[in-house]
Structure formats: C-alpha cells, structure tokens
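This report describes one protein chain, going from its helix to one of its sheets and then to its cysteines. Please keep the structure in view while reading.

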Amino acid sequence: SSGINAEWPLRPGDLACGTCFDFHKSTDYLFLVGTEEGKIHKCSKHYSSQFLDTYDAHHMAVYAVRWNNFHPRVFASCSADWTVKIWDHNYSEPMFTFDLGSSVGDVVWSPYSATVFGAVTDDGQVHIFDLSQEKYEPLCQQSVVQKKKTKVNHLAFNAHYPIIAVGDDRGNAMTLKLSPNLRKAVKDKSYSKENEIAKMEKLLELVREPTSK
C-alpha cells in the first residue's frame, strides 16, 4: 500500500507558504513541511500533486519540524504559538505538548538518545528535555542572552561531545556544555539503536492508552 490519503489533493487554498522541512532518516522519499499557517504536511517525493497527510499542528507559523534520529514514526515541531509538540506520524493528535512561554525558534533531537531534545525561545532561553526522565517539564532551562534584546533561533547538538551550539538573530553563535545529567555515554553497554527505539515506544504506548487513532 502506498499510504496515500486521497482526501488531500493539492488545492490553491492549501498552498500556504512553507517555513521548514525535514526528510525522514531512513525512508528517503518521505518528508515533512511546516507552514506559516501552522499546518504540517507529510509528503512523498513520489507524489507531487497531493499530500500523504496534513496535521492541524499549531495556531501560528511552524518554525521547525524534525524527525527523531532513532524512532521512525516520531517527529517534533515547534512554533510561534509558544509550543513544542511530539508526534507519532500515524496519529492526527500530538503525543506530547509543551508550552514554553515564548515563541519557539527551533527544536532538535539529540544524536545520542531517542527521548532527549532541545528547544530555543525568543526570550533568550535554551530548554533541554528528556522524556524518559520527565514527561512534563524540561530538565534544564537556562537564559543564554539578554531578554528583549536578542532572540535565540537555532540549536544544534554536537554528535561526539556533550556540547550544544546556539545561534541568535544578531548573527552570534555560542557553545554550551551539557551538565552530566543531560549526557549519555555512547560507550555504555546498554546503549543501542534498538534500546533507544524501545525506550521511545514505551512512552508512546503510555500516552496512547486513553485515546484512539
């Protein structure tokens, strides 16, 4: 089955300006597009005239969509509506929603854990989450620039060292070292891609229980 939803042909009214996109980590034809109106479209390179699905994701512009580095069904999105949302792409509603109190410029999954991600907000803060430890609040929330003067809008994890890079709207970049409770030793014997997928799947099963697809 192609998985195509024939209810989503492209129409002129659907074509809001795209603001971000991300290709799937293992299915090379699958990608997500965030829009200025808050919708997220799941698309395929094989079908240019229709979407696979559309999520009514946010109330304002979507600034980033990111597939999880481990779990093939999971992606994250962030928006000017102050929220970060975690999704299973087979479901129309988010699995987790976090209100960060300010416009969210970027959200990024860590390269070492399926459940760790970071986000940056217009009020100059970096937020680091680990869903396996705390499902409702960030483990770390820190101001890195002066409020009201500079907006933090980009974030990246270093793939080899416990460091993140942060960029702002004035063209500055800075690096920050993660505290020990926010790192994971890749050489740990319990670490494997399969274990990371299982860790995220356990979380998804917990939040799916009261609702249906």
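The model shown here is predicted. On one side of helix α1, Glu 194 and Lys 202 are exposed. The opposite side has another character: Glu 196, Met 200, Glu 201, Leu 203, Leu 204 and Arg 208 of α1 are buried. These buried residues lie on the same side of α1 because they cover an arc of only 160 degrees around the axis. A general rule helps to read this pattern. An α-helix has 3.6 residues a turn, so residues three or four places apart point the same way.

What do the buried residues of α1 pack against? Their partners are four strands: β6 (74-79), β7 (83-88), β8 (96-99) and β9 (104-109). The helix itself runs over residues 193-208, which makes 16 residues. From its first C-alpha to its last, α1 reaches 22 Å, close to the 22 Å expected at 1.5 Å a residue.

**The sheet that contains β9**

Strand β9, one of those that α1 packs against, also belongs to an open sheet of 4 strands. The order in this sheet is β9-β10-β11-β12, with antiparallel pairing. β9 and β12 (140-143) stand at the edges with a single partner strand each, so one side of each has no neighbour in the sheet. On average, neighbouring strands of this sheet are turned by 15 degrees against each other, direction ignored.

In general, strands of a sheet pair through backbone hydrogen bonds, either parallel or antiparallel. The pair of β9 and β10 (residues 116-121) is antiparallel and has 5 bridges. Within this pair, Trp 109 has Phe 117 in β10 as its bridge partner.

**Cysteines**

How many disulfides does a search of the whole structure find? The search finds 0. Two cysteines can be set side by side by their accessibility.

| Residue | Relative accessibility | Class |
|---|---|---|
| Cys 43 | 8% | buried |
| Cys 140 | 23% | partly exposed |

The cut-off explains the two classes: a residue counts as buried under 20% and as exposed over 50%, and as partly exposed in between. Cys 43 is therefore buried at 8%, while Cys 140 is partly exposed at 23%.

**The chain as a whole**

The protein chain has 1 helix and 15 strands. Of its 213 residues, 46% are buried. Among contacts in the chain with a separation of 6 or more, 41% are between residues 24 or more positions apart.

Conventions:
Residues are numbered from 1 along each chain as its sequence is written. This is a predicted model: local features need pLDDT of at least 70, side-chain atom pairs count only at pLDDT 80 or more; totals for chains, interfaces and linings use all residues. Side-chain values use heavy atoms; hydrogens and water are left out. Helices (H or I, at least four residues) and strands (E, at least two) are DSSP runs, numbered from the N terminus. The expected span of a helix is 1.5 Å times one less than its number of residues. Buried means under 20% relative accessible area, exposed over 50%, partly exposed in between (1.4 Å probe, protein chains only). The arc is that of the directions from the helix axis to the C-beta atoms. Contact means heavy atoms within 4.5 Å. A disulfide is a pair of cysteine sulfur atoms within 2.5 Å. Two strands pair if DSSP finds at least two bridges between them. Axes are lines fitted to C-alpha atoms, for helices over the stretch in contact, and angles run from 0 to 180 degrees between N-to-C directions.
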